[in-house]
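Here are a few warm-up exercises on helix packing and charge pairing. Have a look at the structure, try each task, then check the worked solution.

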Amino acid sequence: MGKPLTIKESDDEKLLMLKKQTGAKSKVEVLRIALNLLELDIAKKDRIKRWKKSAKIVGDSGLKVLNEFNNNSERFKNLP
């Protein structure tokens, strides 16, 4: 058996509105949908943090490689 949840009147109205809009069978289903969306949002924010960290690490080395392949590089001066 689940645990009881006390809901404010204004939140109950929002749940009923969302229940109608989502086609959920119950208010509990609305809450489950909301929790799933919240979990997805948190996972997305975590991925973005990891991407930013990775991009920062790779970004510095990428500039070095780009400069090596620049047409003015000494590396390509003797090519025909």
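**Exercise 1: a salt bridge within one helix**

In this predicted model, D41 and K45 form a salt bridge, with their closest N and O atoms 3.6 Å apart. Work out where the two residues sit and how exposed they are.

*Solution.*
- Start with the cut-off: a salt bridge needs the Lys or Arg nitrogen within 4 Å of the carboxyl oxygen, and this pair has 3.6 Å.
- Next, place the residues: both belong to helix α2, four residues apart, or about one turn of the helix.
- Then check exposure: D41 is partly exposed at 34% relative accessible area, and K45 is partly exposed too, at 48%.

**Exercise 2: the other bridge**

The whole structure has two salt bridges. Find the partner of K27 and say which parts of the chain get linked.

*Solution.*
- K27 pairs with D12, and their closest N and O atoms are 2.5 Å apart.
- That joins distant parts of the chain, since K27 is in helix α2 and D12 in helix α1, 15 residues apart.
- Buried means under 20% relative accessible area, so D12 at 18% is buried, while K27 at 31% is partly exposed.

**Exercise 3: how the helices cross**

Describe how α1 and α2 pack.

*Solution.*
- Take the geometry: the angle is about 85° and the axes are 9 Å apart.
- Angles of 65 to 115 degrees count as roughly perpendicular, so α1 and α2 fall in that class.
- Finally, list contacts: residues of α1 including D12, L15 and K19 meet residues of α2, among them K27, V30 and L31.

Technical notes
Residues numbered from 1 in each chain as written. Predicted model: local features only at pLDDT ≥ 70, side-chain atom pairs only at ≥ 80, totals over all residues. Heavy atoms only, no water. Axes fitted to C-alpha atoms, helices over the stretch in contact; angles between N-to-C directions. Helix = DSSP H or I, 4+ residues; strand = E, 2+ residues; numbered from the N terminus. Parallel < 35°, antiparallel > 145°, perpendicular 65-115°, else oblique. Contact = heavy atoms within 4.5 Å. Salt bridge = Lys/Arg side-chain N within 4 Å of Asp/Glu carboxyl O. Buried < 20%, exposed > 50% of the residue type's maximum accessible area, 1.4 Å probe, protein only.
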